[in-house]
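Student: I would like to learn how to read salt bridges, burial and chain contacts from a set of coordinates. Could we go through them one feature at a time?

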Amino acid sequence: MKIFLVLGSSFLVLCSSSIKLFAANEAPGTKNQEQVAEIYRPQAGKFPDIAKAHAYRGELIFVDHANRRGSIRVAGEGMFRRNDPHPFAMLPYGMVRYHGAPADLRDIPLGTMMHVLAYLPPDPRISAVPVLPENNKEKDAGHYRGAGVFPAENHVLLIEDEASYCLREGKAWKLKEVELQSSNQGIILATLEAKPSGDGKATEQKLTFDGALRIWRGRECLTIAELIAEGAWPANGKKSLNAQSVLLGLTWKPTPDGIFQRFHISDIWLDDASIQRAAKNQTETHTALIRGRWMPAFVDTVEYGKFGRATVTVTLFGGMDPSLYADFNKDSPVMINGAENTLKHDGGHYGPGHLASRGTILGVVKSPGAVPMGSSGIQVRFETDLIIEGIRPGRVVRIHPKGWPDVVLPREEYLGDGPRQEDRFPSPAIFPKYNL
Amino acid sequence: MMLLVRCFSFLVLGLLGVQANAANEEPRTKNQEQVAVPFRPESGKFPPLDKSVAYRGELVFVDHATRRGSLRVEFKSEFFRSPPTPFAMLPYGMVRYHGAPADLRDIPLGTIMNIRAFLPPDPKNSSVVTTPNHWYPLPLENHAILIEDEPSLCLREGKTWKLKEIDLQNNQGIVLATRDSQDAAAAKDPEEKLTIDSTTRFWRGRESLSLADLVAEGTWPASGKKSLGGQSVLLGLIWKPCPDGIFVRYHISDVWLDDKATQRAIQSQTEVHKSLIRSRWMPAFVDKVEYGKFGRATVAVTLFGGMDPSLYADFKKDGTGAINGAENTLKHAGGSYGPAHMASKGAILEVIKTAGVAPMGSSGIQVRFETDLIIEGIRPGRVVRIRPSGWPNVYIPREEFLGEGSKIEDRFPRPDIFPIYR
């Protein structure tokens with residue numbers, strides 16, 4: 001009892017000291033405003049403010065695509081290799097992009113360097129990944145890892161590979177010099193700049209490559225040996241590449257000579273034709289996926305009628321190929337199914353169409369002006385005679401217009417019969433905890 | 001009282017069962033079967049392949065750092081309902097992709113994989129479940145010695161796909177094909193219907209083509225049927241949900257139209273894997289340790305199989321190297337400062353190629369190595385990783401070594417990361 005009182009007293013004294021320290025250094029009003037402003041969490045049924053997102057990048061290490069979560073080794077200023085895989089979960093409207101096109105986590109090869117825009121967990125109680133202190137990104141993780149490698153902002157609005165990031169931001173890599181250290185490995189000096197012409201201030205980066213490098217030109221997939229045979233690259237030694245503008249796919253490999261952080265080139269797209277072909281292929285992959293799994297959406301409003309009838313308005317999630325949105329047409333039939341934040345269908349043992357609510361599209365409205373990231377800006381109003389608990393304002397649903405295939409889903413992509421808490425709210429316990 | 005009644009009923013049913021068996025079967029055969037102990041691989045030995053069970057399925061989940069994952073196993077019913085079934089790689093288990101050595105991290109989710117697997121060597125330490133948790137006829141043999149994609153299987157077994165006919169509508173369609181063996185005496189596989197769409201990649205020489213390119217060239221029709229005349233190709237297979245109540249029909253992700261295209265795919269994957277092994281070191285079993293004085297010992301190890309020959313060629317008599325303890329997951333026992341930091345260093349005394357055919361999982365190459373730091377991790381039957389001195393001396397990422405302080409979970413990963421589906 002005495003020990004407890006002493007410890008409690010020390011805590012009180014330290015707290016008082018801390019308050020005084022803050023009070024001495026900062027204007028009280030500013031401090032309060034900052035404290036309130038810092039804790040921003042996305043809300044159910046709303047698309048969050050992109051300005052509040054935290055940006056970082058890292059190597060994709062682990063994927064649990066059925067629950068739309070995974071782990072990423074976040075790049076900081078310290079020893080990249082020591083950074084534990086950091087769990088992340090996709091927000092329901094969170095978008096994955098690969099090769100400049102919409103994608104699913106299952107499409108991204110492990111090892112790919114990804115750019116992330118993320119928020120604090122919307123509801124920490126049901127987070128599918130570990131919840132960390134809100135200011136975790138500011139803490140030095142120790143062991144030469146630096147700060148920022150374990151951000152609490154682990155609920156992702158956008159995760160995209162290097163090529164997608166460059167295409168979205170209008171950037172390109174300028175190749176300055178290649179050095180072949182043997183017949184099939186070497187170093188490239190390059191800068192990342194605005195595509196037409198950079199301001200010349202970009203920092204030069206050293207990137208490695210090896211015999212697994214894929215070089216895309218038009219419809220060709222070339223090897224290093226072929227570039228050497230053409231005379232574009234030297235068989236050995238250095239050659240200037242005259243700031244050749246390309247897109248790069250980046251991964252990470254352990255680097256010798258005590259280098260903390262140097263990324264590795266997996267792919268080079270030498271021309272627009274080649275990246276367009278990659279984007280087309282990935283777009284087709286994702287379009288086929290969404291047609292089979294249905295379009296995810298938020299329920300905006302429900303106008304209740306009689307005997308289970310209702311008029312429902314939903315906003316379709318964003319980032320898909322326009323051809324998918326074009327399939328939602330006034331007066332055509334539609335099916336809608338309850339879904340979870342993981343986008344898993346609530347039921348599906350006989351296919352999601354089996355228990356879905358059916359109806360007719362009354363109208364499709366495109367919002368004028370800028371659309372927040374995560375949203376398509378397209379609202380669909382439809383009437384159904386089977387309004388159910390899963391179709392309530394703020395809930396996630398999946399919606400299927402006429403013409404899309406009516407298929408059954410694989411077992412891990414729906415909840416199944418009998419509600420198990422773990423099915424709806426996956427536990428973060430699957431992620432290993434590393435000790436040094 | 002109720003308990004007694006139940007016991008008695010059980011006894012009667014049991015006796016009836018024995019009588020039924022006795023009436024239908026030869027007693028001697030029955031006894032032999034009952035005595036037969038299920039085969040399990042033993043630590044430090046490569047198991048006979050003919051004791052393995054073969055099956056195939058869709059790769060659904062991968063935990064590459066602990067060399068395990070899940071497959072949706074094919075059975076002759078509703079494929080979509082087949083819950084992802086966990087598997088673990090045996091330490092010497094081999095992954096092959098595009099006809100070349102690979103790691104689980106290299107295989108895209110969704111790929112149809114062919115597997116040869118055994119019962120868990122030691123069920124107590126299995127990193128995947130050892131008992132069925134559902135009523136589907138799914139295998140208990142979930143410790144893989146080989147997992148390979150369709151082109152790898154075809155190349156290894158001397159098979160090719162013969163394309164008979166294509167039927168296209170709106171950039172998607174059905175291909176009729178058979179998987180034929182070069183061995184004329186082999187049983188013929190039945191004709192299969194496979195789906196194809198605009199995501200399918202066609203590889204021809206150095207070109208990566210789309211369905212639209214083939215249509216534009218006039219090789220394939222824009223719409224309708226066309227005979228393909230038994231064109232010989234290799235196929236990459238995945239699975240997509242099928243409409244019309246089709247239980248199992250696979251989808252073509254890739255078509256390799258010629259040998260040159262196949263060789264390029266092999267070369268690319270071989271380079272990926274070589275780079276991985278050179279940085280993570282060659283895995284091996286410890287065969288024998290001859291103890292010397294003051295911590296010295298001569299260690300004989302057998303290198304695991306299935307790698308590119310150039311990797312084995314780097315182990316040379318009189319060369320130097322290092323050897324590190326590892327787990328069944330092939331994780332290095334230590335590595336916070338790189339695996340070389342705590343590794344036992346020494347000289348290669350001899351490299352011996354075993355005569356005859358090596359069992360699957362083994363390279364058939366034994367390396368004798370002398371070190372002045374014999375440690376607990378280097379004992380007969382244990383898994384180690386060994387590095388000749390010419391390989392890059394690099395650090396490895398955090399999830400690929402055990403770290404300081406021994407957590408039991410690090411050494412023996414629990415199977416409870418795998419969801420149980422109802």
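Tutor: Let us start with a pair of side chains: B:R72 and B:E58 are both buried, where buried means under 20% relative accessible area, exposed over 50%, and partly exposed in between, with a 1.4 Å probe and protein chains only. Before going on, note that this is a predicted model, in which local features need pLDDT of at least 70 and side-chain atom pairs count only at pLDDT 80 or more, while totals for chains, interfaces and linings use all residues. Residues are numbered from 1 along each chain as its sequence is written, chains are lettered from A and ligands numbered from 1 in the order in which they are written, and side-chain values use heavy atoms, with hydrogens and water left out.

Student: What do B:R72 and B:E58 form, and where in chain B does each of them lie?

Tutor: A salt bridge is a side-chain nitrogen of Lys or Arg within 4 Å of a carboxyl oxygen of Asp or Glu, and B:R72 forms one with B:E58, the closest N and O atoms being 2.8 Å apart. The pair links distant parts of the chain, since B:R72 belongs to strand 2 (residues 68-73) and B:E58 to strand 1 (residues 53-63) of chain B, 14 residues apart; helices (H or I, at least four residues) and strands (E, at least two) are DSSP runs, numbered from the N terminus. Another salt bridge joins B:R414 to B:D416, with 3.0 Å between the closest N and O atoms, and here B:R414 is partly exposed at a relative accessible area of 45%.

Student: How many salt bridges are there over all chains, and how many of them are between chain A and chain B?

Tutor: A search of the whole structure gives 63 over all chains, and the count between chain A and chain B is ten. In one of these, A:R219 meets B:D213 with the closest N and O atoms 3.8 Å apart. This pair crosses between chains, from the loop between strand 10 and strand 11 of chain A, which holds A:R219, to helix 4 (residues 211-217) of chain B, which holds B:D213. The two partners can also be read by their accessibility: A:R219 is partly exposed, with a relative accessible area of 29%, whereas B:D213 is buried, with 11%.

Student: Which residues are linked in a network of salt bridges?

Tutor: The network links A:R217, A:E220, A:E226, A:E230, B:R206 and B:R264. Within it, the side chains of B:R206 and A:E226 meet at 3.8 Å, N to O.

Student: How should I read the contact between the chains as a whole?

Tutor: Contact means heavy atoms within 4.5 Å, and on that basis 54 residues of chain A and 56 residues of chain B take part. Buried area is the accessible area (1.4 Å probe) that two parts lose on being put together, summed over both; between chain A and chain B about 4,800 Å² is buried, of which carbon and sulfur atoms give 51%. On the side of chain A, the residues that lose the most area to chain B are A:R81, A:R219 and A:R411, together 15% of what that side buries.

Student: Where is B:K407 found, and which residues of chain A is it in contact with?

Tutor: B:K407 is found in the loop between strand 19 (383-388) and helix 7 (408-411) of chain B, and, leaving aside its neighbours within four places in sequence, B:K407 is in contact with A:K433 and A:N435. At 30% relative accessibility, B:K407 counts as partly exposed.

Student: What does a positive phi tell me when I inspect the backbone?

Tutor: Most residues other than glycine have a negative phi, so a positive value deserves a second look. Phi of B:D318 is near 75°, and B:D318 sits in the loop between helix 6 (309-313) and strand 16 (320-325) of chain B. Phi of B:L330 is also near 75°, and B:L330 has its place in the loop between strand 16 and strand 17 (344-353) of chain B.

Student: Are B:D318 and B:L330 buried or exposed?

Tutor: B:D318 counts as exposed, at 62% relative accessibility, whereas B:L330 is buried, with a relative accessible area of 8%. For chain B as a whole, 53% of its 422 residues count as buried.
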